[in-house]
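Please open the model in your viewer and keep the sequence panel beside it, since each stop on this tour asks you to select something and then look at what is there.

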Amino acid sequence: MSETAPSRSAPPGWRSPLLLALAGVLWGTGGFAGSVVQDLTGVHPLATACYRLLVGGAAATGVLAAAGRLRRLPRTGAAARRVGAAGALLAAFQ
């Protein structure tokens, strides 16, 4: 009977709940930070939403680049359409 070794790409058991909790904290503080920015600067709510999307996208891209995972992303037309659709849906949600 042969046992297979776990995949090296599988996250450890503690990592997924930690990342989920971090996402919840960031999601919850994003709205508060946006309202503080609006109160301090008088920026229009739509502009604040755009800035939140830009900063979040730049941060996600930076993390992927720092981890060396950016070059592993597919560069196909279908992948570009999925990213565009996700961006449009996030913008509509904002």
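## A tour by selection

Begin by selecting L19, L22 and L26, which together make a nonpolar surface patch of about 290 Å². Bear in mind throughout that what you have on screen is a predicted model.

Stay with L22 for a moment and extend the selection to residues 15-41, which gives you helix α1, the element in which L22 is placed. Is L22 exposed or partly exposed? Its relative accessibility is 45%, and therefore L22 counts as partly exposed.

Now widen the view to the whole chain, where you will find three helices and zero strands, with the elements running α-α-α from the N terminus on. If you colour the 94 residues of the protein by accessibility, 6% of them count as buried. With the surface switched on, the protein exposes about 7,900 Å², and carbon and sulfur atoms supply 69% of that area.

Next, select residues 45-66, which form helix α2, and pick out L46 within that helix. L46 has a relative accessibility of 58%, and because exposed means over 50%, L46 counts as exposed. Add Q94 to the selection and draw a distance between the two C-alpha atoms: L46 and Q94 lie 8.0 Å apart in space, although 48 residues separate them in sequence.

The last stop is the largest pocket, which holds about 1,300 Å³ of space. To find it, select V55, G56, G57, A59 and A60, the residues that lie nearest its centre among the 38 that line this pocket. Which helices contribute to the lining of the largest pocket? Helices α1, α2 and α3, the last of these spanning 77-93, each supply at least two residues, and α2 gives the most, with twelve. If you then colour the lining of the largest pocket by residue class, you should see 24 nonpolar residues, nine polar residues and five charged residues.

How values were computed:
Residues numbered from 1 in each chain as written. Predicted model: local features only at pLDDT ≥ 70, side-chain atom pairs only at ≥ 80, totals over all residues. Heavy atoms only, no water. Patch = residues over 30% accessible without salt bridge, like charges linked within 9 Å, V, L, I, M, F, W, Y side chains within 5 Å. Areas by Shrake-Rupley, 256 points an atom, 1.4 Å probe, with all protein chains shown as cover. Salt bridge = Lys/Arg side-chain N within 4 Å of Asp/Glu carboxyl O. Helix = DSSP H or I, 4+ residues; strand = E, 2+ residues; numbered from the N terminus. Buried < 20%, exposed > 50% of the residue type's maximum accessible area, 1.4 Å probe, protein only. 1 Å grid on protein atoms, 1.4 Å probe; cavity = no way out; pocket = protein on both sides within 12 Å on 5 of 7 lines; lining within 4 Å. Points joined across faces, edges and corners; volume = space filled by probe spheres on them. Nonpolar A, V, L, I, M, F, W, Y, C, P; charged D, E, K, R; others polar.
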